[in-house]
Amino acid sequence: MPAYHQVVKKPIDGTSNVWTTVAGVANTASSSSTYLRSPYGIFVDTNSDVYVADCGNNRIQLFYQFILTGVTVAGSTSSIPTFSFSCPIAVMLDADKYLFVIDNNYNRIVGSGPNGFRCLVGCYGSGSVSNTLNEPQGMAFDSDGNIYVVDGYNHRIQKFLLFNDSCGEYLKDNNNR
């Protein structure tokens with residue numbers, strides 16, 4: 001299977017058959033801001049800006065609408081200090097525009113917040129106990145802010161509950177209430 005190293009879009013209205021490049025350059029992998037290397041996941045925000053989990057470059061790239069040069073918003077090459085990743089494969093923004101990343105090779109979920117980035121789930125390595133992950137593949141939020149994680153090699157869906165305390169919000173796995 002060829003690796004195209006790009007994100008493309010096509011209108012769903014059915015009148016056009018034209019694919020448009022949103023991020024990356026076809027058949028070319030690189031770490032420069034215009035290129036991608038093995039992109040896995042995307043998130044499109046309300047402004048139609050595209051966040052790309054750029055697995056091969058261990059970063060999250062933001063491509064503003066109609067601009068093909070990306071900005072590294074998370075990863076070791078970001079202009080602001082964040083986590084170093086090892087093959088991020090999914091990225092999402094919550095309702096407050098905080099970034100959440102599945103860091104696949106480190107088996108964890110990392111999130112941003114008012115005080116910067118922090119590890120949320122799987123912070124001490126992979127495993128099969130309720131607060132660890134093994135090859136996380138996908139995630140989704142429910143209306144209460146809880147996170148559901150597809151825990152691939154453990155063959156399960158993990159639910160992590162959002163709790164509020166006097167210091168802010170935090171996540172706790174569903175099995176340790």
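Trainee: Among contacts between residues at least 6 apart in sequence, what share joins residues at least 24 apart?

Mentor: First, a word on the source: this is a predicted model, where local features need pLDDT of at least 70, side-chain atom pairs count only at pLDDT 80 or more, and totals for chains, interfaces and linings use all residues. Residues are numbered from 1 along each chain as its sequence is written, and side-chain values use heavy atoms, with hydrogens and water left out. Contact here means heavy atoms within 4.5 Å. Of the contacts between residues at least 6 apart, the share joining residues at least 24 apart is 33%.

Trainee: How many helices and strands does the protein have?

Mentor: Both are DSSP runs numbered from the N terminus, with helices (H or I) needing at least four residues and strands (E) at least two. Read along the sequence, the pattern is β-β-β-β-β-β-β-β-β-β-β-β-β-β. The count comes to zero helices and 14 strands.

Trainee: Which strand gives the largest share of the largest nonpolar core?

Mentor: A nonpolar core is a set of buried Ala, Val, Leu, Ile, Met, Phe, Trp, Tyr and Cys residues joined through side-chain atoms within 4.5 Å; buried means under 20% relative accessible area, exposed over 50%, partly exposed in between (1.4 Å probe, protein chains only). The largest one here has 15 residues, with I102, I109 and V121 among those with the most contacts inside it. Two or more residues each come from β7 (88-93), β8 (99-103), β10 (116-121) and β12 (147-151). The largest share, three residues, comes from β7.

Trainee: What is the bridge partner of V91 in β8?

Mentor: Strands pair if DSSP finds at least two bridges between them, and five bridges join β7 to β8, which run antiparallel. The two form a hairpin with five residues between them, and K97 in the turn has a positive phi of about 65°. V91 itself belongs to a second, separate core of twelve residues. Its bridge partner in β8 is V101.

Trainee: Is Q61 buried or exposed, and which side chain does its own side chain join in a polar contact of 2.4 Å?

Mentor: Q61 sits in strand β5 (residues 59-63) and counts as buried because its relative accessibility is 0%. Leaving out residues up to four places away in sequence, Q61 touches S33, L36 and V50, among others. A polar contact is a pair of N or O atoms within 3.5 Å; within protein, one must be able to donate a hydrogen and the other to accept it, and residues adjacent in sequence count only if both atoms are side-chain atoms. At 2.4 Å, the partner of the Q61 side chain is T72.
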